[in-house]
Amino acid sequence: MRTMRRQAVLLVAVGVLALAACRPIGTGEANAVGTVAAVAASGDTVSLSFIPDTGYEYYSGTIFEVGPDVNVWDSGWNGIESTSIPAGATIEVWADMCAESYPVQCDVTGVRVLD
């Protein structure tokens, strides 16, 4: 009986972890929040120079590369083009992996323009 109980608890725990790992980008806390200092477009990629808000200083000096595979939303979570992100906008950024360098370099997966 104990073995069955342990197996049931383990199965529930695995299910919860699997569901947590599958949450869509943009539904959890953003990795970085701050202001777009400058925007530069090159082909289908937009580069965003970033000034982090307090608490996100890790991303100081970072230039986020927003390619065609990156999800970009407005404040209402409507999809928008990356070329419509203006300098001076406050943004939230989701990233998959970041290289430990200065400035840090991240694989951006989502950007939300707050204003």
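This is a short walk through the aromatic pairs, one buried glutamate and the strand pairing in this structure, which is a predicted model.

Okay, let's start with the rings. A pair of aromatic rings is described by the distance of the centres and the angle of the planes, so those are the two numbers to listen for. With centres within 6.5 Å as the cut-off, the count comes to 6 aromatic pairs. I'll take two of them.

Pair one is Tyr-58 with Tyr-59, at 5.0 Å centre to centre and with 90° between the planes. Edge-to-face needs over 60 degrees, so this pair goes in that class. And how accessible are the two partners? Tyr-58 has 40% relative accessibility, so it counts as partly exposed. Tyr-59, on the other hand, is down at 8% and is buried.

Pair two is Trp-73 with Trp-77, also listed as edge-to-face, with the centres 5.2 Å apart and the planes at 65°. Here Trp-73 is the buried partner, with a relative accessible area of 13%, while Trp-77 comes out partly exposed at 36%.

Back to the tyrosines for a second. Which residues share a cluster with them? Tyr-58 and Tyr-59 belong to one aromatic cluster along with Phe-50 and Phe-64.

Now the strands, and you can follow this on the structure. Strand 1 covers residues 32-42 and strand 2 covers residues 45-52. The two are antiparallel, with 8 bridges between them. One bridge to look for is Ala-41 with Val-46 in strand 2. The hairpin these strands make has 2 residues between the strands, and Gly-43 there has a positive phi near 65°.

On to strand 3, residues 63-66. Strand 2 runs antiparallel to this one too, and 4 bridges join them. If you want a spot to zoom in on, Ser-49 sits opposite Ile-63 of strand 3.

Last stop, Glu-92. Where is it? In strand 5, which spans residues 90-99. Buried or exposed, then? Buried means under 20%, and Glu-92 has a relative accessible area of 16%, so buried is the label.

And what does Glu-92 touch? Leaving out residues up to four places away in sequence, Glu-92 contacts Ala-30, Ala-32 and Val-33, and then Gly-110, Val-111, Arg-112 and Leu-114. Arg-112 is one of the contacts you might want to pull up on screen.

That's my tour, so over to you for questions.

Notes:
Residues are numbered from 1 along each chain as its sequence is written. This is a predicted model: local features need pLDDT of at least 70, side-chain atom pairs count only at pLDDT 80 or more; totals for chains, interfaces and linings use all residues. Side-chain values use heavy atoms; hydrogens and water are left out. Rings of Phe, Tyr and Trp (its six-membered ring) pair if their centres lie within 6.5 Å; planes under 30 degrees apart count as stacked, over 60 as edge-to-face and the rest as tilted. Buried means under 20% relative accessible area, exposed over 50%, partly exposed in between (1.4 Å probe, protein chains only). Contact means heavy atoms within 4.5 Å. Two strands pair if DSSP finds at least two bridges between them.
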